Amino acid sequence: MTEVAEVATGLECSVRLRVRYPETDRMGVAYHAHYLVWFELGRTEWMRERGVDYGTLEERDGIFFPVVEASVRYRRSATYDDELVVRTRLREVGASRVRFEYTLLRERDDETLATAFTQHAAVGRTGRPMRLPAGLRRTLIDGRSCT
């Protein structure tokens with residue numbers, strides 16, 4: 001039986017960024033692949049706010065979280081110089097997987113530009129799947145909310 005914990009939606013973190021010129025095409029529209037980079041920024045900050053640093057997990061603990069599935073629903077285009085907000089929350093924590101959900105908003109009008117999710121497997125240094133250590137799992141599920 002798979003052990004999955006649905007995580008409270010209150011554990012959300014917001015990151016602000018601005019669309020830079022090299023992230024756009026000649027018409028000033030942000031290239032779609034950059035959205036995944038912005039979601040990664042949100043996920044990294046979400047983890048950091050809970051005291052979980054990716055670098056430490058990888059170097060000291062030998063735990064890696066490669067993306068095994070990603071989905072983005074594009075609703076509106078982000079354009080050059082738009083100020084954006086990436087809202088990130090952890091939706092599920094399984095024995096060896098985690099799922100994050102994202103909402104990308106344009107700050108000036110609070111319009112949703114995209115929604116997405118990424119699913120990550122916990123793997124060790126050899127790339128083989130591993131169970132999440134109980135302490136890390138607790139920190140992810142019960143961690144304090146971001147500001």
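**Figure 1. Asp61 and its salt-bridge partner Arg60.** Asp61 is partly exposed, with a relative accessible area of 32%, while Arg60 counts as exposed at 61%. These words have fixed cut-offs: buried means under 20% relative accessible area, exposed means over 50%, and partly exposed lies in between, using a 1.4 Å probe and protein chains only. Asp61 and Arg60 form a salt bridge, and their closest N and O atoms are 2.9 Å apart. A salt bridge here is a side-chain nitrogen of Lys or Arg within 4 Å of a carboxyl oxygen of Asp or Glu. A search of the whole structure finds 16 salt bridges. Please keep in mind that this is a predicted model, where local features need pLDDT of at least 70 and side-chain atom pairs count only at pLDDT 80 or more, while totals for chains, interfaces and linings use all residues. Residues are numbered from 1 along each chain as its sequence is written, and side-chain values use heavy atoms, with hydrogens and water left out.

**Figure 2. Glu58 in helix 2.** Look for Glu58 in helix 2, which covers residues 54-59. Helices (H or I, at least four residues) and strands (E, at least two) are DSSP runs, numbered from the N terminus. Glu58 is partly exposed, with a relative accessible area of 28%. Beyond its neighbours within four places in sequence, Glu58 is in contact with Ile63, Phe64 and Arg125; contact means heavy atoms within 4.5 Å. Now find Gly124: Glu58 and Gly124 are 66 residues apart in sequence, and their C-alpha atoms are 8.6 Å apart in space.

**Figure 3. Helix 1 and the largest nonpolar core.** Helix 1 (residues 34-49) has 16 residues. From its first C-alpha to its last, helix 1 reaches 23 Å, close to the 22 Å expected at 1.5 Å a residue; the expected span is 1.5 Å times one less than the number of residues. The buried residues of helix 1 include Tyr35, Trp38, Phe39 and Trp46. Just after this helix, Gly51 takes a positive phi of about 80°. The largest nonpolar core has 31 residues, and those with the most contacts inside it are Trp38, Met47, Phe65 and Leu104. Helix 1 gives the largest share of this core, five residues. A nonpolar core is a set of buried Ala, Val, Leu, Ile, Met, Phe, Trp, Tyr and Cys residues joined through side-chain atoms within 4.5 Å. If you centre on Phe65, you will find that it touches residues including Met47, Tyr54, Leu57, Val98 and Leu136, not counting residues up to four places away in sequence.

**Figure 4. Strand 5 and its two partners, strand 4 and strand 6.** Strand 5 is mostly covered, with seven of its 10 residues buried. Strand 4 and strand 5 run antiparallel and are joined by nine bridges, and a hairpin connects them through two residues. Leu84 has Arg106 in strand 5 as its bridge partner. Strand 5 and strand 6 also run antiparallel, joined by 10 bridges, and Tyr102 stands opposite Ala116 in strand 6. Two strands pair if DSSP finds at least two bridges between them.

**Figure 5. Glu101 and Gln119, two buried residues in strands.** Glu101 sits in strand 5 and is buried, with a relative accessible area of 19%. The side chain of Glu101 makes a polar contact with the side chain of Arg91 at 3.3 Å. A polar contact is a pair of N or O atoms within 3.5 Å; within protein, one must be able to donate a hydrogen and the other to accept it, and residues adjacent in sequence count only if both atoms are side-chain atoms. Gln119 is found in strand 6 (residues 111-121) and counts as buried at 13% relative accessibility. Leaving out residues up to four places away in sequence, Gln119 touches several residues, among them Pro66, Val68, Arg97 and Arg99.

**Figure 6. Salt bridges around the turn between strand 5 and strand 6.** The side chains of Arg108 and Asp82 meet in a salt bridge (3.0 Å, N to O). Arg108 lies in the loop between strand 5 and strand 6 and Asp82 in the loop between strand 3 (67-74) and strand 4, so the pair ties together parts that are 26 residues apart in sequence. Arg108 is exposed at 63%, whereas Asp82 is buried at 4%. Asp110, which has a positive phi of about 60° in the turn, forms a salt bridge with Arg87, their closest N and O atoms being 4.0 Å apart.
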